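Biologist: Got a minute to walk me through this one? I'd like to hear how the helices pack and what sits inside.

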Amino acid sequence: MTKCNSQITTLFIILALACAVVPAFSIEESEAKSLWDTCVVKITPKCALDIIAVVFENATISDSCCHELVQEGKVCHDTLIKYIADRPTLIAQETQYLKKRDDLWNHCISISTTA
């Protein structure tokens, strides 16, 4: 469990550093920063870590985090997961991570529309 938490924390730190330095999808740096600032305020740190764990570690997500994810929005979710998946240590499995990202989104949408 400690190893998993350490890996999730490391991924979250990588995400923060990447968002501060690397523009997403070739958008300008100021736009990337604005997107980051907009997205981060819509989700709790715990749910952000849970989402990262679902996509990169095969964890599960609570209904409440799904609601936060949907509130965050698809553009934010897609962009932030892509930031992480583009890291050199993860790029070899990027297609798998992006599929899991999309599967998570669809799962959370289905939960949000039934609640």
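Biologist: Is the crossing of α3 and α5 left-handed or right-handed?

Modeller: This is a predicted model, where local features need pLDDT of at least 70, side-chain atom pairs count only at pLDDT 80 or more, and totals for chains, interfaces and linings use all residues. Numbering runs from 1 along each chain as its sequence is written, and side-chain values use heavy atoms, with hydrogens and water left out. A crossing is right-handed if the near helix is turned clockwise from the far one by less than a right angle, left-handed if anticlockwise. For α3 and α5, it's right-handed.

Biologist: At what angle do the axes of α3 and α5 cross?

Modeller: Helices here are DSSP runs (H or I, at least four residues), and axes are lines fitted to C-alpha atoms over the stretch in contact, with angles from 0 to 180 degrees between N-to-C directions. The axes of α3 (residues 45-57) and α5 (residues 74-85) come within 11 Å, and they cross at roughly 55 degrees.

Biologist: Which residues in α5 do Ile51, Ile52, Val55 and Phe56 in α3 meet?

Modeller: Contact means heavy atoms within 4.5 Å. On that basis, the α3 four meet His77, Ile81, Ile84 and Ala85.

Biologist: Glu72 in helix α4: buried or exposed?

Modeller: Buried means under 20% relative accessible area, exposed over 50%, and partly exposed in between (1.4 Å probe, protein chains only). Beyond its neighbours within four places in sequence, Glu72 is in contact with Cys39, Lys42, Ile43, His77 and Leu80. Its relative accessibility is 6%, so Glu72 counts as buried.

Note on methods:
Helices (H or I, at least four residues) and strands (E, at least two) are DSSP runs, numbered from the N terminus.
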